[in-house]
Amino acid sequence: TPITPDDCAPVRHLYISLIDFKTINKSRADVMKTLQERGIFTQVHYIPVHRQPYYLSHFRKTESHCPRAERYYEQTLSLPLYPAMSDDDIDYVIKAISEIVG
């Protein structure tokens, strides 16, 4: 859960979860598909800058160039977060993630 400083009132539009897909022996695509089958739509934010087409064509860096960004990208999954989500909606997403991820 993100930490919010006392003097801050953020408006969160993304809720990023880090999942070690290798440890749970499931691909991110499989987790996303299973969640979608339960009506939970997820995304991946964001592709690391060094993987963007412009940077690949101009700098030709490899994945090993930014290992921490790669590790983060490999484990990230954006969960639904929007103003109309009810507490029941949130509980549903948490329960589904818990069941799928373990």
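Modeller: A salt bridge is a side-chain nitrogen of Lys or Arg within 4 Å of a carboxyl oxygen of Asp or Glu. Keep in mind that this is a predicted model.

Colleague: How many salt bridges does the structure hold?
Modeller: Side chains of opposite charge can pair when their charged atoms come close. Counted with the 4 Å cut-off, the salt bridges in this structure number four.

Colleague: Which residue forms a salt bridge with Glu37?
Modeller: The closest N and O atoms of this pair are 3.9 Å apart. The cut-off is 4 Å, so the pair counts. The partner of Glu37 is Lys33.

Colleague: What separates Glu37 and Lys33 along helix 2?
Modeller: Helix 2 covers residues 28–37, and the two sit four residues apart in it. Both are exposed. Their separation is about one helical turn.

Colleague: Arg38 and Glu99 also meet in a salt bridge; how many residues apart in sequence are the parts that this pair ties together?
Modeller: The N to O distance in this salt bridge is 2.6 Å. Glu99 lies in helix 5 (residues 87–101), while Arg38 lies in the loop between helix 2 and helix 3 (53–59). The pair therefore ties together parts whose separation in sequence is 61 residues.

Colleague: Is Arg38 buried, partly exposed or exposed?
Modeller: Its relative accessible area is 32%. Buried needs under 20%, and exposed needs over 50%. The value falls in between, so Arg38 is partly exposed.

Colleague: Which residues are linked in a network of salt bridges?
Modeller: Glu99 bonds to Arg38 at 2.6 Å, N to O. The side chain of Glu99 also meets that of Lys95 in a salt bridge, at 3.8 Å. Glu99 takes part in both, so the linked residues are Arg38, Lys95 and Glu99.

Colleague: Are the residues on the two faces of strand 2 buried or exposed?
Modeller: In a regular strand the side chains alternate between the two faces of the sheet. In strand 2 (residues 76–79), Thr76 and Ser78 lie on one side, with Leu77 and Leu79 on the other. Both faces are covered, and all four named residues are buried.

Colleague: In strand 2, what is the bridge partner of Ser17?
Modeller: Strand 1 (residues 15–18) and strand 2 pair in the antiparallel sense, over four bridges. In strand 2, Ser17 has as its bridge partner Leu77.

Colleague: Which element gives the most to the largest nonpolar core?
Modeller: Nonpolar side chains tend to be buried together in soluble globular proteins. The largest nonpolar core here has 12 residues, including Leu77, Leu79, Val93 and Ile97. Helix 2, strand 2 and helix 5 each give two or more. With four residues, the element that gives the most is helix 5.

Colleague: Is Thr23 buried or exposed?
Modeller: Thr23 is found in helix 1 (residues 21–24). Its relative accessibility is 61%. The cut-off is over 50%, so Thr23 counts as exposed.

Colleague: Which side chain makes a polar contact with the side chain of Thr23?
Modeller: The contact distance is 2.8 Å. A polar contact needs N or O atoms within 3.5 Å, so this pair fits. The partner side chain belongs to Asp20.

Note on methods. Residues are numbered from 1 along each chain as its sequence is written. This is a predicted model: local features need pLDDT of at least 70, side-chain atom pairs count only at pLDDT 80 or more; totals for chains, interfaces and linings use all residues. Side-chain values use heavy atoms; hydrogens and water are left out. Buried means under 20% relative accessible area, exposed over 50%, partly exposed in between (1.4 Å probe, protein chains only). Two strands pair if DSSP finds at least two bridges between them. A nonpolar core is a set of buried Ala, Val, Leu, Ile, Met, Phe, Trp, Tyr and Cys residues joined through side-chain atoms within 4.5 Å. A polar contact is a pair of N or O atoms within 3.5 Å; within protein, one must be able to donate a hydrogen and the other to accept it, and residues adjacent in sequence count only if both atoms are side-chain atoms.
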